[in-house]
Amino acid sequence: MTAVLDHGTDAPMERIALVDLLDRLLAGGVVITGDLVISIAGVDLVEVSLRALVTAVRAELLPDEPGEEEEP
């Protein structure tokens, strides 16, 4: 599966695999937001707000595992 990326007016469009597009998005991070309201007769009964940050974790940000020693 591929997607087409438009970089602007002067740059040509680029075809990219969906996996590569997902990799680019996760490398920079994606914020997902949403709101859900349940109401009856115009009266709001339940309101739910969702805000999630989805990103990849780089290996250098992870703590060292116990027992591993750095080489000099």
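This report describes a nonpolar surface patch and a nearby loop residue in a predicted model.

Residues are numbered from 1 along each chain as its sequence is written. Local features need pLDDT of at least 70, side-chain atom pairs count only at pLDDT 80 or more, totals for chains, interfaces and linings use all residues, and side-chain values use heavy atoms, with hydrogens and water left out.

On the surface, Leu36, Ile38, Ile40, Val43, Leu45, Val46 and Val48 form a nonpolar patch with about 620 Å² of accessible area together. Two elements, β3 (30-40) and β4 (43-54), give two or more residues to this patch. Strand β4 supplies the largest share, four residues. Strands (E, at least two residues) are DSSP runs, numbered from the N terminus. Patch members have over 30% relative accessible area and no salt bridge, and their nonpolar side chains (Val, Leu, Ile, Met, Phe, Trp, Tyr) are joined within 5 Å. A salt bridge is a side-chain nitrogen of Lys or Arg within 4 Å of a carboxyl oxygen of Asp or Glu. Areas come from the Shrake-Rupley method with a 1.4 Å probe, and for residues only the protein chains shown count as cover.

The table uses these classes: buried is under 20% relative accessible area, exposed over 50%, partly exposed in between.

| Residue | Location | Relative accessible area |
|---|---|---|
| Leu45 | strand β4 | 54%, exposed |
| Val48 | strand β4 | 41%, partly exposed |
| Ala41 | loop between β3 and β4 | 80%, exposed |

Ala41 has a phi near 55 degrees, a positive value in a residue other than glycine. Beyond its neighbours within four places in sequence, Val48 is in contact (heavy atoms within 4.5 Å) with Gly34, Asp35 and Leu36. The C-alpha atoms of Val48 and Ile38 are separated by 8.8 Å, at 10 residues apart along the chain.

Technical notes:
Patch = residues over 30% accessible without salt bridge, like charges linked within 9 Å, V, L, I, M, F, W, Y side chains within 5 Å. Buried < 20%, exposed > 50% of the residue type's maximum accessible area, 1.4 Å probe, protein only.
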